[in-house]
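Student: I would like a close look at one part of this model, taken slowly and with its surroundings included. Could you walk me through it in one connected account?

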Amino acid sequence: MERSSSLEKAIRGILITAVLLFFLFPIFWIFLMSFQTNEDILRIPPSLFFEPTLQNYSALLTGKLETAAGSLDIAFMRNLGNSLLLSTFSVLLSLALGVPAAYAFARFKFRLGENIAFTLLSFRFAPPLLVLLPLSLFFKQLGLTDTYIGLIWVYQLICLPLILWIVRGYFEDISPDIENAYRIAGHSWWRTFRRIAIPLARPGIAAAGLLAFIFAWNNFIFALILASASKQPVTVGALAFVTASGIQYGQIAAAIVLSVTPTLLLALYAQRYLVEGLSLGAVKG
Amino acid sequence: MSSLELSNISKGFKSGMVLEDVSLSVKAGEIVVVFGPSGTGKTVLLRIVAGVQEPDAGGITIDGVDMTDASPEARNVGMAFQNFALFPHFSTHDNIASPLTARNVPEGRLKEQVSAIARMLKIDHVLGHAPRELSNGQKQRTALARALIGQPKVLLLDDPLRNVDAKLRYEMRLELPRLLRTFNSAVIYVTQDYKEAMALGDHIAVLRNGRIEQWDTPTNVYRAPVSLDVARLFGDPTINLAPCRLETVGQGSQIHAFGRVSPVSEAYAEATGRDLVAGLRPEHVIVTETNTPGSVEFDLDAVMPVNVRSVLYLRGPAGEEVLATVGESEAARFGRGHRKVWVSFAPDDILLFDAASGQRLAPRVN
Amino acid sequence: MGRRPDSHGSPPFFPSFQPNAMTFLDLVRTHMTVAAHPNRPRRLTMRRFLPYLLSLPALLVCIGILIPFFTAVYYSTLRFRLNLPMMKGFIWVDNYISFLTDAAFWNTVQVSLVYALVTVTGELLLGLGIALLLVRPTKINNAASIMLLLPLMTAPALAALMWKLMTNPNFGILSYLVSQLGFDNFNWASDPSSALFTVVLVDVWVYTPFIMILLLAGLRSLPKQPFEAAALDGVPRSFVFFRITLPMLMPYIITASLFRLLDSMQQFDIVYSMTQGGPGDTLMVFQVQAYLEFFQYTNVGRSAALLIVLWAITYALSNIFIKHWLKLRERAHGPA
């Protein structure tokens with residue numbers, strides 16, 4: 001190992017601090033803002049010292065924003081609920097569709113399987129609007145516009161490639177002989193799939209599920225086009241909220257904090273698998 | 001009636017044919033060793049019998065029932081894999097019990113049977129362990145117990161001693177035949193170790209390039225190999241080979257090989273004039289310090305002890321290289337070599353092969 | 001590696017671009033004729049259909065993507081305005097031809113390319129630097145690399161709002177800091193001269209950790225021997241970096257950059273949340289332009305044509321990307 005002088009150590013320390021400052025400061029600052037009154041926020045120069053208040057959060061939770069101009073309804077908690085509902089059910093559906101398919105692609109070499117897997121992969125890199133704009137017209141005809149089912153269906157575009165490619169890698173890593181041994185012992189294919197393949201791929205399935213949840217939660221463009229206010233997730237809702245509330249910066253900050261916290265916590269929880277998930281299963285962490 | 005009957009099994013992959021027209025029958029209680037160098041389709045054959053791969057052609061019957069299209073779980077087959085293939089998330093106990101859970105054997109009986117077989121295989125003290133906590137020997141025994149516990153009609157053992165250490169391999173070679181007989185299954189045992197094949201098999205099927213080249217008892221495979229290839233595969237050190245020609249002299253025939261002229265039975269007369277290869281097992285080479293009738297002077301180049309025997313490297317008058325094996329006490333007389341010795345052999349010990357086809361010459365029976 | 005050129009080396013399945021595209025039934029049929037052996041007519045066992053059965057739902061999703069995709073291709077050849085339905089008509093490639101003389105289109109191309117190149121270059125340099133900084137797996141470095149993932153896990157649309165709050169001219173902390181440095185009229189995203197910079201900054205904030213974490217995983221997976229040998233021979237560090245580290249890291253660098261380039265070409269969330277393509281048309285990237293074309297000007301044909309142009313660019317790139325990605329994947333899992 002190379003020896004490092006104390007000067008080098010100091011430089012490294014300074015650089016790491018600077019990097020952390022740049023990448024973490026915005027989150028930290030918005031977090032602080034969410035506990036400030038508008039007066040505190042507007043004070044010049046900005047200060048780290050203020051009387052923390054929970055009024056921003058209570059306004060969001062109660063859904064009533066008291067302003068000088070009167071009382072304003074905020075649908076933000078509904079957005080939060082929508083995000084939770086859309087992400088959860090999208091991931092569940094995606095797991096139900098994707099895990100068996102991932103297994104088929106890993107175990108049976110068949111052309112159709114490769115074609116599906118690669119089509120989904122390449123649409124991961126196609127412009128989402130290309131699919132979304134025609135869909136928005138179809139959805140009108142099918143009556144799926146502004147329905148949870150329509151949105152969950154479209155969210156498969158985000159979740160399915162991710163789950164397919166990560167879980168496929170995990171299935172490929174299981175020796176087929178382990179499954180063969182269970183079959184030969186007298187168990188049906190379905191039982192072998194449930195008792196051997198699924199449990200052995202469980203870490204991959206869990207990781208893919210968590211990541212798919214994060215990406216579904218963070219998605220913006222799908223709901224922007226296909227959902228009206230009542231079905232919008234936080235990403236779209238927050239933007240609408242900014243437009244509607246105008247100058248209620250404290251509440252905006254609190255809304256952002258509430259919106260990003262779930263994914264950040266999940267990310268910290270699942271960080272061991274993030275590398276693998278972010279590279280769609282190409283790099284192991 | 002045979003318990004397992006394979007008829008004309010063929011299987012090809014993109015890279016070419018792996019099995020061609022393989023037929024085999026195994027009786028209940030019989031051990032058939034499928035022997036062959038690696039890459040000759042032995043494992044594929046087992047997989048086809050187990051039902052995890054499908055043959056392109058041919059059929060499989062087990063106890064008279066056509067199983068060619070049956071799924072693996074319906075075949076009543078036990079299999080021990082070369083890489084053990086234990087279920088990593090099950091305990092040793094649950095691994096062994098898996099064929100019983102498939103049949104819904106009640107809890108109590110299941111426990112009894114598992115501990116009985118675990119005791120038999122001396123792994124009863126590790127029943128609670130996970131596979132990753134076991135030694136290779138214990139893993140191998142667990143895999144074996146799992147294959148045996150269902151008392152399958154057919155038992156498939158894929159080179160089960162390959163991945164265990166030498167001492168255990170030796171023990172198991174002694175222990176296995178007795179163990180397997182108690183279960184009365186039709187056993188196919190795959191190996192690429194000829195000693196294992198000879199020690200365990202009631203019959204040996206020598207598989208080469210996807211075909212069964214010879215099907216016989218171990219003694220016959222060794223004594224009367226059908227071809228040069230089979231002769232080379234059995235025996236360590238390998239058989240001495242020398243090109244030769246059959247000449248007719250007066251009434252009889254003779255060949256010139258290994259430094260001397262040997263008379264050959266009349267039964268081979270029709271091969272006169274063809275290019276042949278003479279084979280002589282090293283243990284059939286008689287090496288003496290003094291001249292005896294019919295012996296030829298050779299240079300002894302080196303002596304290499306191998307276990308209780310020694311291998312002698314001999315060089316003949318015309319530069320022929322011949323290997324001989326002798327017992328330890330006998331070898332002591334030759335010191336470290338570099339001396340003259342006298343070499344002879346019984347003409348009957350010579351095996352004659354056709355050089356072009358590699359087949360052993362069949363004596364013409366009158 | 002590269003032992004199975006037939007399946008993985010081939011470009012992803014796009015019926016329009018694959019002359020020998022097969023239908024589902026064709027596939028089943030050929031599969032069956034290949035399997036059937038003259039000696040043994042095969043029964044249609046469950047096992048033969050299992051893979052198809054298992055992938056059927058995923059196939060449906062696939063079709064659910066391909067249908068709107070082809071519809072979009074079709075729309076791009078129409079005169080199709082939502083507000084003027086009677087004008088709808090087939091006009092071949094006129095939408096595309098009109099782009100050639102359309103300054104707005106070329107502005108979009110230019111903005112998108114500049115945006116993509118600047119963000120990816122910046123993120124690559126910064127990400128590589130940080131990865132090298134954190135390469136030793138000490139506790140502090142590991143904790144730092146985990147913390148750095150937080151921006152990446154923030155929804156880009158929300159990240160844009162966060163930066164919008166911080167660059168607000170009235171109270172934004174960044175506006176304040178910049179004015180303290182003497183730049184009084186630095187208006188961040190609302191000024192055409194600094195809008196690109198601001199949005200790129202947010203993109204860099206969100207996505208640098210992506211490149212950083214892939215390169216960090218790559219760096220840590222490199223074999224140790226070349227570095228130990230170089231250290232023993234006293235080879236200078238710059239030489240080690242350019243002749244050993246960089247070449248060995250190249251597969252990761254290429255994959256990560258192409259991945260980012262593909263996403264960056266199509267950036268929407270950050271630009272839309274921050275400026276909606278403005279001020280003026282300073283940040284009119286492809287997808288924002290197409291979005292506005294569709295919803296503001298209700299010009300479906302033109303919007304679809306714009307997206308097809310973008311798709312053509314990204315499709316070419318994604319083929320290159322997938323090749324590199326598969327190589328990395330084989331390294332991690334063995335040939336699929």
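Tutor: A good place to enter this predicted model is a single pairing in chain B, where B:M79 has B:L156 of strand β7(B) as its bridge partner. That bridge belongs to a longer arrangement, since strand β6 (residues 77-80) of chain B and β7(B) pair in the parallel sense over four bridges. Strand β7 itself covers residues 154-158 of chain B, and five of its five residues are buried. If you follow the side chains along the strand, B:V154, B:L156 and B:D158 point one way, while B:L155 and B:L157 point the other way, and all of them are buried; the aspartate B:D158 is thus listed with B:V154 and B:L156 on one face of β7(B).

The strand also has a second neighbour, for β7(B) is joined by five bridges to strand β8 (residues 186-191) of chain B, and these two strands run parallel. Within that pairing, B:V154 has B:A186 of β8(B) as its bridge partner. The connection between the two strands can be traced through helix α5 (residues 166-183) of chain B, which together with β7(B) and β8(B) makes a right-handed β-α-β unit.

For a view beyond chain B, you could turn to chain A, which contains 14 helices and two strands, and in which buried residues make up 55% of the 285 residues. Chain A is also in contact with chain C, with 86 residues of chain A and 79 residues of chain C taking part. On the chain C side, helix α2 (residues 46-75) gives the most, with 16 residues, and by class that side has 63 nonpolar, 14 polar and two charged residues.

Note on methods: Residues numbered from 1 in each chain as written. Chains lettered and ligands numbered in written order. Predicted model: local features only at pLDDT ≥ 70, side-chain atom pairs only at ≥ 80, totals over all residues. Buried ≥ 20, exposed ≤ 12 C-beta atoms within 10 Å, placed from the backbone. Contact = placed C-beta atoms within 7 Å. Nonpolar A, V, L, I, M, F, W, Y, C, P; charged D, E, K, R; others polar. Pairing = 2+ DSSP bridges. Right-handed = clockwise from strand over helix to strand, strands pointing away.
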